[in-house]
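Work through the exercises below with the sequence and the coordinates open. Each task is followed by a solution in steps.

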Amino acid sequence: MAVMIVMPKLGMVMSEGTISKWMKDQGSPVAQGDVIAEIETEKINYELEATESGFLHQIADEGSVVAVNGLVGYIL
């Protein structure tokens, strides 16, 4: 079953974030807790961790600006 990876809300006024770097390649196996991407906002850089184990399927490219709760990928 696919698990959606969404842009987290990291602050009260945050409306979007940028995928600054994918830490894992497309199709790579990931374990729960692995850092899969680096998110950049106006105030912080954040390491996004996998919530499940599986294989990474990226939707958003590096440099993409994604709205809070917007889809950035899946763990398959």
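Strands here are DSSP runs of E with at least two residues, numbered from the N terminus. The model is a predicted one.

**Exercise 1.** Locate Asn69 among the strands, then state its backbone setting and its exposure.

Solution. Start with the position: Asn69 belongs to the loop between strand 7 (65-67) and strand 8. Next, take the backbone: phi of Asn69 is near 70 degrees, a positive value in a residue other than glycine. Last, compare the accessibility with the cut-off: exposed means over 50% relative accessible area. Asn69 has 58% relative accessibility, so it counts as exposed.

**Exercise 2.** Give the order of the strands in the open sheet, and find which strands stand at its edges.

Solution. The open sheet consists of four strands in the order 1-8-6-3, with antiparallel pairing. Strand 1 (3-6) and strand 3 (29-30) each have a single partner strand, so one side of each lacks a neighbour in the sheet, and these two are the edges. Inside the order, consider strand 6 (residues 54-58) and strand 8: three bridges join them, and they run antiparallel. As a register check, Gln58 is found opposite Gly73 in strand 8.

**Exercise 3.** Describe how strand 4 pairs with strand 5.

Solution. Count the bridges: five join strand 4 to strand 5 (residues 45-49), and the two run antiparallel. Then look at the connection: strand 4 and strand 5 make a hairpin, with four residues between them. For the register, Ile39 is placed opposite Tyr46 in strand 5.

**Exercise 4.** Identify the largest nonpolar core and the elements that supply it.

Solution. The largest nonpolar core holds 17 residues, and Ile5, Met7, Ile19, Ile36 and Val72 have the most contacts inside it. Two or more residues come from each of strand 2 (16-22), strand 4 (35-40) and strand 8 (71-75). Strand 4 contributes the most, three residues. To see the surroundings of one core member, take Met7: beyond four places in sequence, its contacts include Ile19, Ile39, Val68, Asn69 and Val72. Asn69, the residue of the first exercise, is thus one of the contacts of Met7.

**Exercise 5.** Classify Ser28 and Ala31 as buried, partly exposed or exposed, and list their contacts beyond four places in sequence.

Solution. Ser28 sits in the loop between strand 2 and strand 3. Buried means under 20% relative accessible area; Ser28 has 17%, so it is buried. Its contacts are Gly54, Phe55 and Leu56.

Ala31 sits in the loop between strand 3 and strand 4. With a relative accessible area of 34%, Ala31 is partly exposed. Ala31 touches Ala50, Glu52 and Ser53. For a longer distance, the C-alpha atoms of Ala31 and Glu16 are separated by 26 Å, with the two residues 15 apart along the chain.

**Exercise 6.** Characterise the largest pocket by volume, lining and residue class.

Solution. The volume of the largest pocket is about 290 Å³. Of its 15 lining residues, Met14, Glu16, Thr41, Glu42 and Lys43 are the closest to the centre. By element, strand 2 provides the largest share of the lining, three residues. By class, the lining divides into six nonpolar, five polar and four charged residues.

Technical notes: Residues numbered from 1 in each chain as written. Predicted model: local features only at pLDDT ≥ 70, side-chain atom pairs only at ≥ 80, totals over all residues. Heavy atoms only, no water. Core = buried A, V, L, I, M, F, W, Y, C linked by side-chain atoms within 4.5 Å. Buried < 20%, exposed > 50% of the residue type's maximum accessible area, 1.4 Å probe, protein only. Contact = heavy atoms within 4.5 Å. Pairing = 2+ DSSP bridges. 1 Å grid on protein atoms, 1.4 Å probe; cavity = no way out; pocket = protein on both sides within 12 Å on 5 of 7 lines; lining within 4 Å. Points joined across faces, edges and corners; volume = space filled by probe spheres on them. Nonpolar A, V, L, I, M, F, W, Y, C, P; charged D, E, K, R; others polar.
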